[in-house]
Structures are given as C-alpha cells and as structure tokens.
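Here is a short briefing to read alongside the model. Please keep the 3D view open as you go, so that you can find each residue as it comes up.

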Amino acid sequence: MSFTYLSARRILPFVLLFGLFFSCREQESPTRERISINEGWKFMKYGSPEVADSMFYDVRPEILTVDDTKAADTPATEAEQLKASKKALKPYILPTANPYIKDPLKHHVRPEGHPGSDFPLVQSSYDDSGWENVTLPHDWAIAGPFQEGPNPDVGGGMGRLPSNGIAWYRRQINISKTEQDKVIYLDIDGAMSYAMVWLNGYLVGGWPYGYNSFRLDLTPHINFEGINQLAIRLDNPNHSARWYPGGGLYRNVWLTKTNKVHVAHWGTTVTTSKVSKASAQIGIKVHVVNRSDSDTEIETITKIYPINNGTIGLQTAATEKVTTKIPAGNTATLNTATTLENPRLWGPPPTQTPHLYRAITHVSQNGVGIDTYKTDFGIRDIKFDPNQGILVNNELIKLQGVNEHHDLGALGAAFNVSAATRKLHILKEMGVNAIRMAHNPPAPELLELTDKMGFLVIDEVFDSWKRKKTPHDFHLIFPDWYEADARAMVRRDKNHPSIVIWSYGNEVGEQYTGIEGATLGKTLSDIIKDEDPTRPTTSAMNWAKSDMPFPTAMDVISLNYQGEGIRQDPIFDTVTNRIKTKPQYGPFHEKFPNKVILSSETASAASSRGVYLFPVTDLTSSPIRDGMGGDSNIRQVSAYELYAVDFGSSADKVFASLDKHPYSAGEFVWTGFDYLGEPTPYYESRSSYNGIIDLAGFPKDRYYLYQSRWRPDLPMVHILPHWNWPDRIGKTSPVHVFTSGDEVELFLNGTSLGRKKKAAYAYRLRWDDVIYQPGELKAIAYKKGSVWSEATVKTTGEPAQMVAVADRDEINADGKDLSFITIQLTDTDGLIVPTADNPIAFGIEGPGEIIATDNGDPTDMTEFPSTQRKAFNGSALVVVRSIPGKTGKITVKMESDGLKASQITLTAVPKKR
Ligand code: GAL
C-alpha cells in the first residue's frame, strides 16, 4: 500500500525573472483578517457546582463509584444512559456540529427560543469589573492548590488540581460600521470543556469536546455600530479524564473577518502524487462559500512558494486559473493542480530536511481580489511496507517515537509555543523522530512545530467511544459528536506533512465487544478516510487480538504493550483478573501480512529522576513493588530504569522485542515527558513517573538509554547511579552504563572493574557487584575497538552554590516568550550534588515575570506559581516570561540558606516580525 501526500512544483522560468520583487507583504491578504483576541478577557469561576447557574449542556449521570487508581487496562463497562432534561441547552449547541455531519437528514435543527438571553452574565451591561483579568491561553487549574490527602475532590489521576468546575469568560469586541458587509467568525482552538458561546445575549453555539478547534459564525448577531459582548460558559466535569485535562480557554482564540464570498473554514486540501526528486504533482482543492444574497462567478488561482527558514521565497509554481459560478448561499469546490520540478522534499532529520512550501490561494470576483488564503504544506512520499515499516521518500524510517499528552508541565494545559519548542528540542536531542498525540488532537501550533522540525506524527482523536473509562469522559457525548469530532480533526490537520497516520481511538472499550466494536471502528475509520483518503487509519489495541474483528477495520496495526507481551513474568502467575498477553507481533503479522504493525505504546516504565533504590533487580524488566524498584513511603521509583507498570516493560525488554521482530515499524514510548496526573504507582502524587524526561524537562537516566540506541552515531556514554552513598561504603552497589558504543571498561578510583561487550539483545552494560567506595567512577566506551566516548561520576562535597543556565538568554518582549532556567546545586568544585534538595527563593527584576517553578519531583505539592521551590536531586527550574512591549535586562536572583546567592541575566528584545 502506498500513501503519497502533499505536493510538488514546476519552476516557471519567467517567475524566476519577475518573481524577485514578489514580497511577503504583497502576499498578505487585504481581504481576510485573522485577529488574535487573546487579550482583555474577564474570568469568573463558581466556587462549586451548587452555586453555579443552570445553563448546562446536559445532565450527567450520577457517579456511584470512583476508583481513581483504576489501571488503564481495566475493561470498560457499559456506557451509562443520559436522561436528557428539558432545561438542557444541548439542542441549541448540536447544530454547531452540522457542517461536520455528512448526511443532511441527520442535521440538527435548532429549537425555538433564545436560552439565556435574559441571563445577566451574557449581557453587555453586566458589571464584570470584579472578575479576574486574564490573557489567553489560560488554564484555570494550574495555579492550584494541589488537593492533598486521602479523599480529594480531584484525585491523583487528574493531577490533584482544580480543573473541575463551571466558569465564564467575557470580552468585548469592537466592530465598526465599515465592516457590515463582512462575515465575522469566532475561532476557538480549544476550550476545556463544554463551551457554549453567547454574543450580545444570543446563544450562538458551542463545542463540548475540549480538544478540537471550532468555529462559530457571529455575523447575524453582530452589532456593527460598536461594542459586542462575548460570553463563554465552560463546564469541566470531574472524573472526565485519566490525566490532567486543564480547564478554560487554554488555546488561542481568534476573530476571522472575510468578505461574503470566501474560502471556507479549513477550506483547502493540498495533496501530492508522483513525488520524486525530479518532480511532484500537487493537487489543490479549494472550497469557496458564497454567503451573499446573489449568485456569483469567481476565479481562483493558487501560487506556490518555498519557505526558507520561516521566510517566503520566490514563487515556484502556480495552478491554472479556474472560474466557477456559486449560487447564493452555496459552496463550490474547485479542483486545481500543478507540477513542481525539483521539489525540495519534506523528511525527518537527521538524514532528511523538513522543507515546507506555502500555497497562497487568491479568489477574485470580476477581477477584484476578494480573498487570499494560505496553506503551508510539505512534499513527501510515504509508503507503508508491512515487512519493514514506514518509508519516507523511499528511506526506511524506524519509528523512534514517544507519546505526549497536551500539558506543558508546570504551565499546565495553556498552550505556549516556546514551551512546546523546548519540549521538542529536548526530544530531538534524545533521537526522537515521531510523536503520538495521546489521546487527542493537539494545539494547531504544535503541528506547525512538528512540520518545521520534521517529526512523524500520529494524530489521535479519542480515548473513549461509547464505553466509558471514567464516569464523565467522552462516552457521554459520543453518539452526538463522534462524526463531528472525527471530521473536525482531519479537516483542521490534513495539510500537515508531519502527520502520517490518523488514529480514531486508544484502548477503547469496544475492543471487548467483538463485531459491534469492529463495526463502530470501521464507521470511524470510514469517516476519517472520507475526509482524507491519502493517509492510513489505526486504533491502538491493548486487548484485541489478531483473530478478533476489531483490527480488521484499520490500515495500520497499533499495539499497546502487546508486541513484547503483557504480564508474562512468573510474578504474575497467581494474578488471574488482569490482562495477560503473549508477545503479539508474530500473530498479527501472520494474520495481516499486508498491514504495517507498530507499537503505539511501549514500556510505561517508571522512574524518579536521580532516585536509586536497592537492591537492584537481576532481571532486565521488573514490575514495581516496595523493595523492588519502589518505595511507597517516599513515593519514588528507582532510576535504575529496569522497572515498569505491571502491563509494561523496561526499555531494554522493548528494544529486544523490536529487534527480534524487524518488520515492526517501531515504537512510541509511553511517554517522552512526565505529565500531570496518572501517577502510577503512587496515586497520592501529582504527576506521572512514566516519562523519560521529568515534568521539569530534566532527563532521567533512561534518556541516555534511548539516546544510545536512537543516535548510534553520537559518541556518548552514561553512568548510573550517582556516587554519593555515605551509607553504602562496603555494600554492593550496581553500576550500569548506557553507550552508543559496543564495549565499555569501567574504573573505580582508577582500578578497572573489567571491560564488557554488549551481548545480543542487551542494551546496557552492568557491573552488578561493585562494592561502593567513594571516589570516581569512570567509563571508557569503545566502538569497533576504538575509544568512542568517556564519562566520569564523582562523589561530591556538600552543596555550596547555585549555577543557573537559561535555555534562551534572549526572549521576545511579547508577553508570551519564555526562558527556562535550570538551577543546579553544586559543591565548591562545581560538581552537581545529586541528592541536594535545598529550598531556593527566586526573585526577579526588570521586564519579566516568574510564571512557574518546578523540580520534576512527582510528590512536590508546592504550587507551580510559587517563587519558593526545593531542589530535587540537585536541580530546580524557574520559568520566566516577558512582558508585552517591555524590553531590557531581566535579572533572576536565587537565594538559599547556606549557599552562595546567584543570579542570571536575560534580555527582552523587541519582537521580531
Ligand atoms: C496505557 C494508556 C495510556 C496510559 C498508560 C499508562 O494503557 O493507553 O493512556 O494510561 O497506559 O501506563
């Protein structure tokens, strides 16, 4: 099977001559405006649901039992039935889904009436001066406080933060008389959740699912004489997720203004075929809507430009001009094409470059430009080979992937480009080339970053269908919204070259329902393919087997943990009520010889950065119990990186399984970064233990294990544990080494402990009988007999000072840009003290603000905005944000009793265009 996507160009020689003066500005549309309305919002959250208004979307089932620690592989039970109440506003919201419901007979009809029109909070006259001023993206829960103790309202699963509740956002927008011929849309990239939007007292519509972007047409309710009052009600249920969802208008919000005749929402589709280095065919489908009262004839042309380091280059191709008639109130689809010669292909580094192009579609009426619409895309050929994996431009790219939830650690769910960029750079440095968006569509800007940086992406829409995982999750709205949500994801994201696979589910309960679940899966897959026939679909399975109906619907087989097998170790012999699975690559490959198999989740290994617990297992993979990699008193998991959740496996075990099944396309590790919520195995904590990188963005030891495999050409060697063990003198203290070399000699205080070679299917070198003596461990790694890399770990003195390093010394003075400053506690020789947990007080001077601190400790319940933070195993993090329009030097100061005070200077610079 071959899926070729996105574009190509023909270099028009005359364009090279005349195009030189085709500046970026000329490409900007005078006819379409996309205005950020992130500033100037008022926000109010009710103290509890009891005191909230009754403008609810729908009634929810009563929660009879709550098991916050319920493992993710527990079979789902039957979805609960909703009894629709007469007062529910759902019938007024459902029509927002109509553009995404293909069968017109299934379109929702808005009932009579104007719910809420007399409700004070939606009126422009309402006095909201006492409400909080907020700037979007805004996550109302991240500031905390954490809910500690045994019976919190929001449990560990959802991160112990107050994401639940009902809240309102209000903002005025000014529209002038001169705009009365315009169409005005509100574009919300993500609202958590059950958004309902009023404009000037009129309920316009809404979107319950918090992860999709949606558009509302404000035009009919606009006052073109000035002030317009927007009022948005969000209602974020507790027990709605297995992780931290965040709460609020947590992504960007825009006003889009167009002429009556304009390119529709997400209205272009760019596809490519016959892609080679010599040429590529580009197909550009454009939907144009005529919202005027009269029939019209329009002309469109799409011009193509390369994007060079973010700058638009010279036009390199153009489609033919196409003319079409659009009757009043109708939409026309224009199919155009062009050929590009010598296309610069999009592909993942390090072997390829993620080149991007921009298609600019011009729409004109009687020779006058009426709309201009930009679509960024890439040109690449993707083939799926069931015996090898995924080929990008004919190069086999094994998936070195990670799963990522949407939160940005201490910043919560509020999307921020600098934070996401930092995350992707840290992943890239480890050797990651693929990301699975677990388990929902991400912020659109994240996909722009994955396009630019060349990651391969699985875009995933649902974690549950009809069958629930938590009492108030998506299953409550699945019947009404599944088609709209599935189509919305694809329509928004289809032009991103980084996306290679659509996923319509993760470990859904319908795996257990035989033909019924398979049929529903096929319905979802068909919907996605109807929107985008060029990419394959999948749905991740942790239970369905090759002989069951469920996998038949999907193009790509996605296994969660099943590739290497689940609970196959003797320790589980007496466990009878949990999923046990023999390794499944073989059976699936045999049953589906024409389908690519990948592991959409592997490992779920767990560890706490810098925590080493003894004794160390002899196995290559072990579950976590007290005295066996875990300590429930301190709620930490050993960073010997051999321990995993019961259904998971260590990285080492997964690598062996992949190597023994070379037809597997590769893996997506659960997870790259730690995330808020789901703190298996210690649900009293706030954040996960599964990350290869901790919540603050500091690599755990595992980082180097993955790097040693994923970047074989990078000379590196990494030693664990640290060597500060005053209580272990004379005790056996295993030393493990990760290297991209093939052999290592280990020395303790200058004495060789032997030279060891990696055995077949072994990915670390172990010296398990080292007797601890303080001093220095040194590892010399060899590759093919020659010295490849060296590392040392030394016993340190007491913490004496703080060393601060910023990921960026210069930030834009736009009120959004961030600098992440890592503080390391060192001894007088500058060695990081690996056990230091001194409290640090942060201060700031100049045009910046401290928005969060963290240390990566899953048990730390200090609120994220606090400027006091204990170090955790030698490190802490402080995040500084610029202030809009204020440039100059920012000084961040750190003080800690008994340590030398320290500071670091950043510069806020005028925002570059
Ligand atoms: C998987 C699930 C993930 C996460 C993970 C934790 O089964 O798909 O969402 O819960 O387990 O180990």
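S604 lies in the loop that runs between β30 (597-603) and β31 (622-623). Keep in mind that you are looking at a predicted model. S604 is a good place to start: its phi is positive, at about 45°, although the residue is not a glycine, and S604 is also among the closest residues to the ligand.

**Around the ligand**

- How many residues surround the ligand? There are 13 of them, and the closest are R242, H439, E507, S604 and E678.
- By type, the shell around the ligand divides into four nonpolar, five polar and four charged residues.
- H439 places a polar side-chain atom 2.6 Å from an oxygen atom of the ligand.
- For N506, a polar side-chain atom is found 3.0 Å from an oxygen atom of the ligand.
- In the side chain of E601, an N or O atom is 2.8 Å from an oxygen atom of the ligand.
- On its own, the ligand has 310 Å² of accessible area, and the protein covers 99% of it.

**Backbone features to look up**

- H439 appears again here, since a cis peptide bond joins A438 and H439, with omega at about -15°.
- You will find H439 in the loop between β25 (434-437) and α5 (444-453).
- A cis peptide bond also runs from G144 to P145, where omega is near 0°.
- P145 belongs to the loop between β4 (132-134) and β5 (165-175).
- H239 has a positive phi, near 55°, and is a residue other than glycine.
- The loop that holds H239 connects β10 (226-236) with β11 (253-258).

**Buried residues in loops**

- Is S604 buried or exposed? Its relative accessible area is 2%, so S604 is buried.
- H239 has a relative accessible area of 18%, which is under the 20% cut-off, and therefore H239 counts as buried.
- R686 sits in the loop between β36 (666-670) and α10 (702-710).
- With a relative accessible area of 0%, R686 is buried.
- Which backbone atom does the side chain of R686 approach? A polar atom of that side chain lies 3.1 Å from the backbone oxygen of D857.

**The nonpolar core**

- The largest nonpolar core has 188 residues, and those with the most contacts inside it are W41, W168, Y169, L218, M430 and W481.
- Helix α6 (residues 478-493) gives the most to this core, contributing seven residues.

**Domains listed in UniProt**

- An unreviewed UniProt entry lists residues 162-239 as "domain: Beta-galactosidase jelly roll".
- Over residues 162-239, the chain is 55% strand and 0% helix, with its end C-alpha atoms 12 Å apart.
- For residues 804-905, the unreviewed UniProt entry gives "domain: Glycoside hydrolase family".
- The span 804-905 is 51% strand and 0% helix, and its end C-alpha atoms lie 10 Å apart.

**Worth a second look**

- H439 brings two topics together: the cis peptide bond with A438 and the side-chain atom 2.6 Å from a ligand oxygen.
- S604 does likewise, as one of the closest residues to the ligand and as a residue with positive phi that is not a glycine.

How values were computed
Residues are numbered from 1 along each chain as its sequence is written. This is a predicted model: local features need pLDDT of at least 70, side-chain atom pairs count only at pLDDT 80 or more; totals for chains, interfaces and linings use all residues. Side-chain values use heavy atoms; hydrogens and water are left out. A nonpolar core is a set of buried Ala, Val, Leu, Ile, Met, Phe, Trp, Tyr and Cys residues joined through side-chain atoms within 4.5 Å. Buried means under 20% relative accessible area, exposed over 50%, partly exposed in between (1.4 Å probe, protein chains only). Helices (H or I, at least four residues) and strands (E, at least two) are DSSP runs, numbered from the N terminus. UniProt positions are given in the numbering used here, feature names are shortened, and annotations may be inferred rather than shown by experiment. A residue is near a molecule or strand if one of its heavy atoms lies within 4 Å of it. A polar contact is a pair of N or O atoms within 3.5 Å; within protein, one must be able to donate a hydrogen and the other to accept it, and residues adjacent in sequence count only if both atoms are side-chain atoms. Accessible areas come from the Shrake-Rupley method with a 1.4 Å probe; for residues, only the protein chains shown count as cover. Ala, Val, Leu, Ile, Met, Phe, Trp, Tyr, Cys and Pro count as nonpolar, Asp, Glu, Lys and Arg as charged, and the others, Gly among them, as polar.
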